[in-house]
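Subject: A structure for you to look through

Hello,

I am handing over a structure that I would like you to read through slowly, with the model open beside this message. Please turn it around for a while before you read on, and then compare what you see with the notes that follow.

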Amino acid sequence: MQDPFVVRREAHIAAPPAAVFALMTDPEKILRWMGTEAQVEPEPGGLYLVNVTGARFARGSFREVVPVHRLAYSFGWDGSEVVPPGSSLVEIDLIEQPDGTLLRLTHSGLPNAEQCAGHAEGWEHYMGRLIEVAAGRDPGPDPFYGRT
């Protein structure tokens, strides 16, 4: 049976997969497009910890890391009983294309339609910011800053 609460997003990014991969695995580069603090250890079993809005930490651990091609990590929110740390799964595939990278994201294991909608909004927002940074532009202040 297919999981009904899955977020799927695709985005074309005008940068090579290696550059996009670095923006998703290097803590300093992550902060250019998402979050106020980041501690990531991109290796199987390694920590994924990002203070996404300055008020809320996403926490999980890396399950799969294939440099410049694929990331998979468990995901949840510190202090949440609805989506606790490590309770869902984010999978990101980076597919090389002649003019950049196709980013394909799947976020599965979400508990209900409300959480699915909220995470879909968040991924849409942050993927837009990632596209801007990968193109060498400043996405500006994050309007999600301070959200809980």
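Let me begin with a single residue, Val68, which at 27% relative accessibility counts as partly exposed, because buried would require under 20% and exposed over 50%. Please keep in mind throughout that this is a predicted model. Val68 is found in the loop between S4 and S5, and it has a positive phi of about 65° although it is not a glycine. If residues up to four places away in sequence are not counted, Val68 touches Pro17, Ala18, Phe21 and Leu94. Its C-alpha atom is separated by 8.8 Å from that of Asp93, a residue 25 places apart from Val68 along the chain.

Two of the residues that Val68 touches, Pro17 and Phe21, are also among the buried residues of helix H1. This helix covers residues 17–25, and 7 of its 9 residues are buried, so H1 is largely enclosed by the rest of the structure. Besides Pro17 and Phe21, the buried residues of H1 include Val20, Ala22, Leu23, Met24 and Thr25.

The sheet

The loop that holds Val68 lies between two strands, and these strands belong to an open sheet of 7 strands, in the order S1-S7-S6-S5-S4-S3-S2, with antiparallel pairing. The edge strands are S1 (7–13) and S2 (37–40), each of which pairs on one side only. Neighbouring strands of this sheet are turned against each other by 20° on average, with direction ignored. As general background, strands of a sheet pair through backbone hydrogen bonds, and the pairing can be either parallel or antiparallel.

Some of the pairs can be followed in more detail. S4 (residues 57–66) and S5 pair in the antiparallel sense over 4 bridges, and Val66 stands opposite Arg70 in S5. S6 and S7 are also antiparallel, and they pair over 9 bridges, with Glu96 standing opposite Thr101 in S7. A hairpin through 2 residues joins S6 to S7. On the other side, 7 bridges join S1 to S7, again running antiparallel, and here Glu10 stands opposite Arg104 in S7.

Why can S7 be called largely enclosed by the rest of the structure? The reason is that 8 of its 9 residues are buried.

The helix across the sheet

Helix H3 lies across S1, S5, S6 (88–97) and S7 (100–108), and it runs at about 10° to S1. One residue to find in H3 is Gln115, which is buried, because its relative accessible area is 19% and the cut-off for buried is under 20%. Leaving aside its neighbours within four places in sequence, Gln115 is in contact with Val82, Val83 and Leu110.

Open and enclosed space

Which residues lie nearest the centre of the largest pocket? They are Arg56, Trp77, Gly118, His119 and Gly122, out of a lining of 19 residues. The elements that give two or more residues to this lining are strand S5 (70–75) and helix H3 (113–134), and H3 gives the most, with 8 residues. By class, the lining of the largest pocket has 9 nonpolar, 6 polar and 4 charged residues, and the pocket has a volume of about 360 Å³.

The structure also holds 1 cavity of 30 Å³ or more, and about 60 Å³ of space lies in the largest cavity. Its lining consists of Met24, Ile30, Trp33, Met34, Tyr48, Val50, Phe62, Leu71, Tyr73, Ile92 and Trp123. Of these residues, 11 are nonpolar, while no polar and no charged residues take part. Strand S3 (47–51) and S5 each supply at least two residues of this lining. Met24 may be familiar by now, since it lines the largest cavity and is also one of the buried residues of H1.

When you go back to the model, I would suggest starting from Val68 in the loop between S4 and S5, and then tracing the sheet in the order S1-S7-S6-S5-S4-S3-S2.

Best wishes

How values were computed: Residues numbered from 1 in each chain as written. Predicted model: local features only at pLDDT ≥ 70, side-chain atom pairs only at ≥ 80, totals over all residues. Heavy atoms only, no water. 1 Å grid on protein atoms, 1.4 Å probe; cavity = no way out; pocket = protein on both sides within 12 Å on 5 of 7 lines; lining within 4 Å. Points joined across faces, edges and corners; volume = space filled by probe spheres on them. Nonpolar A, V, L, I, M, F, W, Y, C, P; charged D, E, K, R; others polar. Pairing = 2+ DSSP bridges. Axes fitted to C-alpha atoms, helices over the stretch in contact; angles between N-to-C directions. Contact = heavy atoms within 4.5 Å. Buried < 20%, exposed > 50% of the residue type's maximum accessible area, 1.4 Å probe, protein only.
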